[in-house]
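Me: Hey, can you walk me through this one? I'm new to reading structures, so keep it simple.

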Amino acid sequence: SGVFNRFFSVENVNRSGDDIVTSGGTDDPSTQKITSRVQWVAGDKTPEVKIATYLTRWRNFVFHQLDWVGGSGQDGPFTEPGNVFSTSTNTDYSGTPGSLKVQGF
């Protein structure tokens, strides 16, 4: 019959090699730390239960595409990075690899 407050947070995860580290390391875009907390009032105290777990993408790789010079007109899904994309309107993709420029800006 008490009042419970529930919270959760999602955080980026850094790694050093294969190990998750709390400082330093490199961002792992395939892993997120999820923390759940429940608090309640018990007399003049506020007890808390906290559980943390990691959610990771493990069956596929991060898809990095750094070159769009192949132009538009290619619909996905893609399984390998290439140099094409789906559609374009007022976009200059012929410049520096890895960059797009919206024309007029």
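**Chatting through the strands**

Reply: Sure, let's begin with one residue: Trp40 counts as partly exposed, at 25% relative accessibility. Keep in mind that this is a predicted model.

Me: Which residue stands opposite Trp40?

Reply: That's Phe4, which faces Trp40 in E3. Phe4 is partly exposed too, with a relative accessible area of 44%.

Me: How many aromatic pairs does the structure hold?

Reply: There is 1 aromatic pair. The ring centres of Phe4 and Trp40 lie 6.0 Å apart with the planes at 50 degrees, so the pair is tilted.

Me: Why tilted, and not stacked or edge-to-face?

Reply: It comes down to the cut-offs: planes under 30 degrees apart would be stacked, over 60 would be edge-to-face, and the rest are tilted. The planes of Phe4 and Trp40 are at 50 degrees, so this pair is tilted.

Me: Which parts of the chain does the Phe4 and Trp40 pair tie together?

Reply: Phe4 is in strand E1 and Trp40 is in strand E3, so the pair ties together parts that are 36 residues apart in sequence.

Me: OK, zooming out. How many helices and strands are there in the chain?

Reply: The chain has 0 helices and 6 strands. Reading from the N terminus, the elements go β-β-β-β-β-β.

Me: What order do the strands take in the open sheet?

Reply: The open sheet has 4 strands, in the order E2-E1-E3-E4, and the pairing is antiparallel. Strand E2 (19-21) and strand E4 (48-56) are the edge strands, each pairing on one side only. From one strand to the next, the twist averages 35 degrees.

Me: What do strands of a sheet pair through, in general?

Reply: Backbone hydrogen bonds, and the pairing can be either parallel or antiparallel.

Me: Back to this sheet. How many bridges are there between E1 and E3?

Reply: Strand E1 (residues 4-16) and strand E3 (residues 26-40) pair over 11 bridges, in the antiparallel sense. Other facing residues there include Glu11, opposite Lys33 in E3, and Arg15, opposite Thr26 in E3.

Me: And what about E3 with E4, how many bridges there?

Reply: E3 and E4 pair over 9 bridges, again in the antiparallel sense. One of the facing pairs is Ile34 with Thr53 in E4.

Me: How many bridges join E1 to E2?

Reply: 3 bridges join them, and the two strands run antiparallel. Ser16 stands opposite Asp19 in E2.

Me: What sits between the strands in the hairpin of E1 and E2?

Reply: There are 2 residues between those strands, and in this hairpin Gly17 takes a positive phi near 65 degrees.

Me: New topic: charges. How many salt bridges are there?

Reply: The count comes to 2 salt bridges. In one of them, Arg15 pairs with Asp28, with the closest N and O atoms 2.6 Å apart. That pair links distant parts of the chain, as Arg15 is in strand E1 and Asp28 is in strand E3, 13 residues apart.

Me: Is Asp28 buried or exposed?

Reply: Asp28 is buried, because its relative accessible area is 13% and the cut-off for buried is under 20%. Its partner Arg15 is partly exposed, with a relative accessible area of 23%.

Me: Cool. Which residue forms a salt bridge with Glu48?

Reply: Arg37 does, with the closest N and O atoms 3.0 Å apart. Glu48 lies in strand E4 and Arg37 in strand E3, so the pair ties together parts that are 11 residues apart in sequence.

Me: How accessible are Glu48 and Arg37?

Reply: Glu48 is partly exposed at 37% relative accessibility. Arg37 is partly exposed as well, with a relative accessible area of 28%.

Me: Last bit, the whole chain. What share of the residues is buried?

Reply: Buried residues make up 10% of the 105 residues in the chain. As for surface, the chain exposes about 8600 Å², and carbon and sulfur atoms supply 52% of it.

Me: And what share of the contacts comes from residues 24 or more positions apart?

Reply: They account for 29% of the contacts in the chain with a separation of 6 or more.

Note on methods:
Residues numbered from 1 in each chain as written. Predicted model: local features only at pLDDT ≥ 70, side-chain atom pairs only at ≥ 80, totals over all residues. Heavy atoms only, no water. Pairing = 2+ DSSP bridges. Axes fitted to C-alpha atoms, helices over the stretch in contact; angles between N-to-C directions. Salt bridge = Lys/Arg side-chain N within 4 Å of Asp/Glu carboxyl O. Buried < 20%, exposed > 50% of the residue type's maximum accessible area, 1.4 Å probe, protein only. Contact = heavy atoms within 4.5 Å. Areas by Shrake-Rupley, 256 points an atom, 1.4 Å probe, with all protein chains shown as cover. Phe/Tyr/Trp six-rings, centres within 6.5 Å; stacked < 30°, edge-to-face > 60°.
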